[in-house]
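Hi,

Here is the structure I promised to pass on. Have a look at it first, and my notes on what turned up are underneath.

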There are 2 protein chains.
Amino acid sequence: MSLKLTILGCHSATPKVESHPTSQILEIKNHLFLIDCGEGTQVQLRKYGVKFSKINHIFISHLHGDHFYGLVGLISTFSLLNRRTELHVYGPKGIKELITMQLKMSDSWTNYLLIFHELDSKESVLLFEDKKVEVYTIPLKHRIYANGFLFKEKTNEERKLNMTEIKKHREIEICDYHNLKRGRDFKMENGDIIPNSELTLDPPKNLSYAFCSDTMYFPPVIPIIENVDLLYHESTFLKKDEEVAEKTKHSTAEQASLIAKEANVGQLILGHYSGRYKNLELFKEEAQDNFENVILAETGKVIELK
Amino acid sequence: MSLKLTILGCHSATPKVESHPTSQILEIKNHLFLIDCGEGTQVQLRKYGVKFSKINHIFISHLHGDHFYGLVGLISTFSLLNRRTELHVYGPKGIKELITMQLKMSDSWTNYLLIFHELDSKESVLLFEDKKVEVYTIPLKHRIYANGFLFKEKTNEERKLNMTEIKKHREIEICDYHNLKRGRDFKMENGDIIPNSELTLDPPKNLSYAFCSDTMYFPPVIPIIENVDLLYHESTFLKKDEEVAEKTKHSTAEQASLIAKEANVGQLILGHYSGRYKNLELFKEEAQDNFENVILAETGKVIELK
């Protein structure tokens, strides 16, 4: 299974020429999920060659401008591009009114079905599910109502055929494959049993990605994101500015790494850096005191898991 | 007198990597006026080194996204930068609710006085005036309520001292300069009169700039913008697509040039090009059939008049 994350922007607050506000594209099981949509996201999507028509689901963590001021522009652009496919927007209660009011004021409407899924639960809820993937909210703690999102490939129940072994047994025919994939043993004509474990391999591992931004240090997320392969956790500040972090309900790099460690995740991506820091390597160094596998988010960076 | 216009964006509709939606900065008489504010304008301001703190007046022509989706982000950024000076926003009725609702939803407010001047008149009205400059609306005709803006240096009533001539007459002292500037003749001790025209020069010419976007071909603007030194007039389409222009209530390059010609302006700037055209030189060629002095707006272009 595979998962590809493209960072379109990973800086906090005021956009500068080369530091864009939060937005990410996640490719998972043929879906192209857009996560947050700060001002200028549509230009970033163009820059990194993302096909607008393939985005059918947009997840907005919270209603601070640097996470959603680009949404109304993208929705309008979809109209100009004559989109016909429905678009699902998941975000805090109020997002529907904000967007529709702006469209109404400009006397324009979408020529496609725009479906809002407004969130107000403080529990983790299932937002989206199909045969191959599930998306859950991760309730966060910030100055306003905020959710992270957990993207999980669904358990693949079919085992993988071990063709090298299967070919050693002439009696096994293609019509038997279905039962082998479902974990059944093979019964030979002479009554002997070949155990399934000799003929098949474990199914490929399902991958998972958790996006946690914006939030203060909030341990209740740990059981929700436990064992994910990839975790993005905001780290607006360094430990030396922990007081500011607490006041503004953001996290430090150290706090992000503690969450990663406790949740036993595979890799940790840091981002949402405050504009006050010049040397972002310090974030990595601080986090690595607790958790080794740290990546610094950078605009345009692509992280692939296979 | 002098006037400096910086084009921050001049393309219509969907932003692309290198074609930004409408926004301009006008420097006139120590003012820095921001005209329209499409998505990404704050980044463009940074890119072209405009001091955020010097912008005290923002003029929004109409509520289509490519002319104002960058406004709420800029207003928020001003807060993050600890702005204390009041900010005036001039735009169509409804703009206040749109912006304040977004600020309210994010539980943030400006730490400076944010004053909206909502427009709904169909006549040209005076929006701003001080000792040196006046700003008027230019009612336009578009799919929704829209205004252009006319910026005028105010009549400088003081004549300029012609020092070369003045120095020839020992009797004229510094305390006489005030009367000379006001146009009075000089009376010699022997009773002779030196006419004012021999001792002073005409005051420097006052400059003016008219911004007309978005609009269909709309001759009622002509008396309002007559004899301006610089006119920006949208030209979304070429004549060959005049039907689309009519349908969408935009102008062609030819129509913009006819307005420029009839209004006897000094220079015409074209812009707001539809994304369908690759060769923008065709806009210039088309306009020059009627009006010679044509400039094509380009992102980052600076036009100075002295």
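The largest nonpolar core has 147 residues, and those with the most contacts inside it are A:Leu231, A:Leu268, B:Leu231 and B:Leu268. Bear in mind that this is a predicted model. To see what one of those core residues sits against, take B:Leu268: leaving out residues up to four places away in sequence, B:Leu268 touches B:Leu231, B:His233, B:Ala256, B:Ser257, B:Ala260, B:Ala287, B:Phe291, B:Asn293 and B:Val294.

Now for chain A as a whole. Chain A has 11 helices and 18 strands. Its C-alpha atoms fill a box of roughly 75 × 50 × 35 Å along the principal axes. Of its 306 residues, 44% count as buried. As for contacts in chain A between residues at least 6 apart in sequence, 64% of them join residues at least 24 apart.

The part of chain A I spent time on is an open sheet. Seven strands make it up, in the order β7-β8-β9-β14-β15-β16-β17, with mixed pairing. At the edges are β7 (126-129) and β17 (294-296) of chain A, each of which pairs on one side only. Ignoring direction, neighbouring strands of this sheet are turned by 15° against each other on average. Helix α11 (residues 281-288) of chain A packs on the sheet, where it touches β16 (267-271) and β17 of chain A, and its direction makes about 165° with that of β17(A).

Walking across the middle of that sheet shows where the mixed pairing comes in. Strand β9 (residues 147-153) of chain A runs antiparallel to strand β14 (residues 208-212) of chain A, and 4 bridges join the two. A:Phe151 has A:Tyr209 in β14(A) as its bridge partner. On the next step the sense is parallel: β14(A) and β15(A) pair that way over 4 bridges, and here A:Tyr209 stands opposite A:Leu230 in β15(A). The step after that is parallel too, with 5 bridges between β15(A) and β16(A). There A:Leu230 stands opposite A:Gln267 in β16(A). So you can follow one row by eye on the screen, starting at A:Phe151 and A:Tyr209, then going on to A:Leu230 and A:Gln267.Strand β15 (residues 230-234) of chain A deserves a look of its own. How many of its residues are buried? The count is 5 of 5, and the strand is mostly covered. In a regular strand, side chains alternate between the two faces of the sheet. In β15(A) both faces are covered: A:Leu230, A:Tyr232 and A:Glu234 are buried on one side, and A:Leu231 and A:His233 are buried on the other. A:Leu231 is also one of the residues with the most contacts inside the core.

Helix α3 (residues 71-80) of chain A is largely enclosed by the rest of the structure, because 8 of its 10 residues are buried. The buried ones are A:Leu71, A:Val72, A:Gly73, A:Leu74, A:Ile75, A:Ser76, A:Thr77 and A:Phe78. Just after α3(A), A:Asn82 takes a positive phi of about 60°.

On to how the two chains go together. A turn of 180° and a shift of 0.1 Å along the axis lay chain B on chain A with an RMSD of 0.1 Å. The two copies are thus related as by a two-fold rotation axis. In chain B, the C-alpha nearest that axis belongs to B:Gly40, at 2.7 Å from it. The same surface serves both copies, with 100% of the contact residues of chain B recurring in chain A.

In the contact itself, 30 residues of chain B meet 30 residues of chain A. On the side of chain B that touches chain A, the elements giving two or more residues are α1 (41-47), α3 (71-80) and α4 (95-105) of chain B. Which element gives the most? That is α3(B), with 5 residues. By class, this side of chain B has 12 nonpolar, 12 polar and 6 charged residues.

One last residue to click on is B:Gln44, which lies in helix α1 of chain B. B:Gln44 counts as buried because 23 C-beta neighbours fall inside 10 Å, where the cut-off is 20 or more. Neighbours within four places in sequence aside, B:Gln44 is in contact with B:Leu8, B:Gly9, B:His20 and B:Ser23. The C-alpha atoms of B:Gln44 and B:Gln24 are separated by 9.8 Å, with the two residues 20 apart along the chain.

Cheers

Conventions: Residues numbered from 1 in each chain as written. Chains lettered and ligands numbered in written order. Predicted model: local features only at pLDDT ≥ 70, side-chain atom pairs only at ≥ 80, totals over all residues. Least-squares fit on C-alpha atoms with pLDDT ≥ 70 in both. Contact = placed C-beta atoms within 7 Å. Nonpolar A, V, L, I, M, F, W, Y, C, P; charged D, E, K, R; others polar. Pairing = 2+ DSSP bridges. Axes fitted to C-alpha atoms, helices over the stretch in contact; angles between N-to-C directions. Core = buried A, V, L, I, M, F, W, Y, C linked by C-beta atoms within 7 Å. Buried ≥ 20, exposed ≤ 12 C-beta atoms within 10 Å, placed from the backbone.
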